[in-house]
Amino acid sequence: MGSIVFPVWVLVTGLLGGVAVACLIILVRERRRRAAMEWSGQSNTSFVFSGNLKHTSLLDAIQFLEIGQREGVLHIYSGRRKGYLTFVKGQVVDGFYRNQIGREAIFRMLGLEEGDFYFEPKTITQPKLMTDSMMDIAFDWDARRQEGPIPDD
């Protein structure tokens, strides 16, 4: 009876050793994959950024995303109206709000006093549709606002 137990024990020990080696290989590969992603500038971290336009102006939210060099889409909701700004490496490269695109869309969204926004981090592959800096757009928006309210069709 002792001779039967010994081979089972050897078999179980060998199996557990194999599982341990497999786990170690998986951990090493995962660590290498993460290191390669960090080296290439990619990251798999989650980033949550949202707010209310009564508490945080859209311009402040945009500047926060610029400083953080974020990439993704900032969604803006004001009642039933929706818009978005697309960011690549912290720069606004596209915008849409109420059938307006680019600068005009941003002007209208900057004028919103109520609504919510949230940032969806994601890799953007579309071409850069806007060449103006957000600083230039903000200065132009402020000058237009000084002249009178921007109509919200």
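Let us begin at one side of the sheet in this predicted model. Strand β1, residues 49-52, pairs with strand β6, residues 116-121, in the antiparallel sense, and four bridges hold the pairing. Within that pair, Ser50 stands opposite Tyr118 of β6. Strand β6 also pairs with β2, residues 72-78, again in the antiparallel sense, here over six bridges. Tyr118 turns up once more, as the bridge partner of His75.

**The whole sheet**

These pairings belong to an open sheet of six strands, ordered β1-β6-β2-β3-β4-β5, with antiparallel pairing. At the edges stand β1 and β5, each with a single partner strand, so one side of each is left without a neighbour in the sheet. Moving on from β2, we come to β3: the two run antiparallel and are joined by seven bridges. Leu74 stands opposite Leu85 of β3. As background for looking at any of these strands, side chains in a regular strand alternate between the two faces of the sheet.

Stepping back, the protein has four helices and six strands. Read along the sequence, they follow the pattern α-β-α-β-β-β-β-α-β-α. Of the 153 residues, 27% count as buried. Among the contacts with a separation of 6 or more, 62% are between residues 24 or more positions apart.

**A helix on the sheet**

Helix α3 packs on the sheet, where it touches β2, β3, β4 and β5, and its direction makes about 75 degrees with that of β4. How many of the nine residues of α3 are buried? Seven of them are, so this helix, residues 102-110, is largely enclosed by the rest of the structure. The buried residues of α3 are Gly102, Ala105, Ile106, Phe107, Arg108, Met109 and Leu110. Their cover includes helix α2 (58-67), strands β2, β3 (81-88), β4 (91-97) and β5 (100-101), and helix α4 (134-147).

Now for the meeting of α3 with α4. Two packed helices are described by the angle between their axes and the distance between the axes. The axes of α3 and α4 come within 10 Å and cross at roughly 60 degrees. That angle makes α3 oblique to α4. The crossing is right-handed. On the α3 side, Arg103, Glu104, Ile106, Phe107 and Leu110 take part, meeting Met134, Asp136, Ile137, Asp140, Trp141 and Arg144 of α4. Sorted by class, this contact has six nonpolar, no polar and five charged residues.

**Four residues to look up**

The table sets out where four residues lie and how much of each is accessible.

| Residue | Place | Relative accessible area | Class |
|---|---|---|---|
| Leu53 | loop between β1 and α2 | 7% | buried |
| Arg98 | loop between β4 and β5 | 26% | partly exposed |
| Asn99 | loop between β4 and β5 | 71% | exposed |
| Phe117 | strand β6 | 2% | buried |

Arg98 and Asn99 are worth a look for their backbone. Most residues other than glycine have a negative phi. Arg98, however, has a positive phi of about 50 degrees although it is not a glycine. Asn99 also has a positive value in a residue other than glycine, with phi near 65 degrees.

The two buried residues in the table lead us back to where we started. Which residues does Leu53 touch, not counting those up to four places away in sequence? They are Leu58, Ile76, Leu112, Glu113, Glu114, Gly115, Asp116 and Phe117. Leu53 and Leu110 are 57 residues apart along the chain, and their C-alpha atoms are separated by 9.7 Å. Leu110 is one of the buried residues of α3.

Phe117 has contacts of its own. Leaving aside neighbours within four places in sequence, Phe117 is in contact with Phe49, Ser50, Gly51, Asn52, Leu53, Thr56, Ala61, Leu74, His75 and Ile76. Two residues in that list were named earlier for their bridges to Tyr118: Ser50 stands opposite Tyr118, and His75 has Tyr118 as its bridge partner. The C-alpha atoms of Phe117 and Gly83 are separated by 9.4 Å, with the two residues 34 places apart along the chain.

Technical notes. Residues numbered from 1 in each chain as written. Predicted model: local features only at pLDDT ≥ 70, side-chain atom pairs only at ≥ 80, totals over all residues. Heavy atoms only, no water. Pairing = 2+ DSSP bridges. Buried < 20%, exposed > 50% of the residue type's maximum accessible area, 1.4 Å probe, protein only. Contact = heavy atoms within 4.5 Å. Axes fitted to C-alpha atoms, helices over the stretch in contact; angles between N-to-C directions. Parallel < 35°, antiparallel > 145°, perpendicular 65-115°, else oblique. Left-handed = near helix turned anticlockwise from the far one by under 90°. Nonpolar A, V, L, I, M, F, W, Y, C, P; charged D, E, K, R; others polar.
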